[in-house]
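Good morning, and thank you for the time on the agenda. I would like to take you through the ligand sites first and the aromatic contacts afterwards.

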Amino acid sequence: MNQNLSGKTILVTGASGGLGLHFARTLAADGAHVILAARRLDKVEAAAKEIAESGGSASAVALDVTDKASIDVAFAGPAANVDAVVNNAGISIAGAALDLTEEDFDAVIDTNLKGVFLVAQAAARAMNTRGQGGSIVNIASVLGLRVAGHLSSYCASKAGVVQMTKALALEWARYGIRVNAICPGYFQTEINAGFFDTPAGEAMMKRIPQRRIGQLSDLDAPLKLLCSDGSGYMTGSVIAVDGGHLVSSM
Ligand SMILES: NC(=O)c1ccc[n+]([C@@H]2O[C@H](COP(=O)([O-])OP(=O)(O)OC[C@H]3O[C@@H](n4cnc5c(N)ncnc54)[C@H](O)[C@@H]3O)[C@@H](O)[C@H]2O)c1
Ligand SMILES: O=C(O)[C@H](O)[C@@H](O)[C@H](O)[C@H](O)CO
């Protein structure tokens with residue numbers, strides 16, 4: 001086992017499935033103690049057990065990124081000693097802007113933007129209490145840097161995450177807290193189940209210069225870099241992992 005992240009405690013939000021569960025496994029395989037955070041405690045407990053059975057170190061905590069009380073409880077107790085946080089939890093509600101309900105708009109912004117802020121703030125307060133700094137990695141999206149149809153609230157939330165990453169980096173550098181973002185392109189997970197089989201999905205694929213969607217493992221090296229001391233002079237950085245999608249001319 002590569003011990004790159006050995007000695008680090010890293011909390012991952014939305015860790016019960018998709019990219020979050022993959023991130024938790026990847027960080028644990030690299031030697032970190034991973035705290036898997038999700039709304040469904042039973043799911044992350046099972047995932048933490050599986051990681052422990054394969055030789056990693058992991059624990060689980062209940063955390064809803066739209067519920068400040070649950071965030072505060074996590075960072076006052078089990079996550080008080082975090083060295084890094086991966087702000088991964090996110091939702092997407094597709095629909096024409098003319099038909100979008102206020103409830104759906106609020107749900108996306110509350111989870112993807114306000115949730116990232118509340119978790120980052122609680123993490124930074126905990127890091128300041130320990131006085132050792134830390135790393136916050138926000139999972140934004142290429143859709144924070146370009147747009148796609150029928151995803152207005154999602155695109156707005158992710159653009160907000162990109163800007164907030166830079167703003168928090170500016171404020172928290174003095175505390176030794178680094179804040180960076182990863183902008184994934186398209187990866188096959190629950191959030192876009194079925195999308196790749198639609199005409200829009202097929203058209204999108206043609207706009208990716210590498211002509212493939214991302215493999216979850218494509219995100220491993222950037223994630224580990226940003227969580228580790230190797231990125232000690234990086235803060236406010238926004239890293240796209242997208243097969244060239246952002247530089248596509250189509
Ligand atoms: N899959 C992609 O192609 C892609 C591309 C760019 C960005 N992203 C981003 O990556 C992140 C992970 O997405 P994914 O593809 O794994 O999607 P997913 O739907 O498979 O997983 C999202 C996770 O977030 C959790 N979650 C949702 N609301 C939550 C809340 N209030 N509190 C705690 N957890 C909550 C869900 O339970 C789920 O486990 C998201 O922020 C998403 O926007 C994904
Ligand atoms: O790139 C992204 O950030 C995500 O993949 C989402 O945009 C989904 O693709 C969308 O929910 C599809 O409807």
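Which pocket is the space taken by ligand 2? The space that ligand 2 takes is the largest pocket. Please keep in mind throughout that this is a predicted model.

Let me stay with ligand 2. The residues around ligand 2 are Ser92, Ser141, Leu143, Leu151, Tyr154, Gly185, Tyr186, Ile191 and Asn192. Three polar contacts deserve mention in turn. In the side chain of Tyr154, an N or O atom is 2.5 Å from an oxygen atom of ligand 2. For Asn192, an N or O atom of the side chain is 3.0 Å from an oxygen atom of ligand 2. Ile191 contributes through its backbone, where an N or O atom lies 3.4 Å from an oxygen atom of ligand 2. As for the surface, ligand 2 taken alone exposes 330 Å², and the protein buries 91% of that.

I turn now to ligand 1. Where does ligand 1 sit? Ligand 1 sits in the largest pocket, and the space taken by ligand 2 is the largest pocket as well. Ligand 1 is surrounded by 28 residues, and the closest are Leu19, Asn88, Tyr154, Phe187 and Thr189. Tyr154 is thus listed here and is also one of the residues around ligand 2.

The polar contacts of ligand 1 include one with Asp64, in whose side chain an N or O atom is 2.8 Å from a nitrogen atom of the ligand. A polar side-chain atom of Lys158 lies 2.9 Å from an oxygen atom of ligand 1. Asn192 appears again: an N or O atom in its side chain is 3.0 Å from an oxygen atom of ligand 1. The side chain of Asn192 therefore has polar contacts with ligand 1 and with ligand 2, since a pair of N or O atoms counts within 3.5 Å. Taken alone, ligand 1 exposes 820 Å², of which the protein buries 91%. Which elements give two or more residues to the shell around ligand 1? They are helix 1 (18–29) and helix 5 (152–172).

The next topic is aromatic packing. How many aromatic pairs does a search of the whole structure find? The search finds three. One of them joins Tyr186 and Phe196: the ring centres are 6.2 Å apart and the planes stand at 80°, so the pair is edge-to-face. Tyr186 and Phe196 are ten residues apart, and both belong to the loop between strand 6 (177–184) and helix 6 (199–206).

Are these two residues buried or exposed? Tyr186 counts as buried because its relative accessibility is 11%. Phe196, with a relative accessible area of 12%, is buried too.

Phe196 also pairs with Phe195, with centres 5.6 Å apart and planes at 65°, so this pair is edge-to-face. Phe195 has 25% relative accessibility and therefore counts as partly exposed. Through these ring pairs, Tyr186, Phe195 and Phe196 are linked into a cluster. Tyr186 connects this part of the talk to the earlier one, as Tyr186 is among the residues around ligand 2.

I close with Asn112, which has its place in helix 4 (residues 102–130). Asn112 counts as buried because its relative accessibility is 0%. What lies 2.8 Å from a polar atom of the Asn112 side chain? It is the backbone oxygen of Ile91.

Methods:
Residues are numbered from 1 along each chain as its sequence is written. Chains are lettered from A and ligands numbered from 1 in the order in which they are written. This is a predicted model: local features need pLDDT of at least 70, side-chain atom pairs count only at pLDDT 80 or more; totals for chains, interfaces and linings use all residues. Side-chain values use heavy atoms; hydrogens and water are left out. Rings of Phe, Tyr and Trp (its six-membered ring) pair if their centres lie within 6.5 Å; planes under 30 degrees apart count as stacked, over 60 as edge-to-face and the rest as tilted. Helices (H or I, at least four residues) and strands (E, at least two) are DSSP runs, numbered from the N terminus. Buried means under 20% relative accessible area, exposed over 50%, partly exposed in between (1.4 Å probe, protein chains only). A residue is near a molecule or strand if one of its heavy atoms lies within 4 Å of it. A polar contact is a pair of N or O atoms within 3.5 Å; within protein, one must be able to donate a hydrogen and the other to accept it, and residues adjacent in sequence count only if both atoms are side-chain atoms. Accessible areas come from the Shrake-Rupley method with a 1.4 Å probe; for residues, only the protein chains shown count as cover. On a 1 Å grid over the protein atoms alone, a cavity is a set of points where a 1.4 Å probe fits but cannot get out, and a pocket is an open set with protein on both sides within 12 Å along at least five of seven lines; lining residues have an atom within 4 Å of a point. A molecule sits in a cavity or pocket if more than half of its atoms lie within 2 Å of its grid points.
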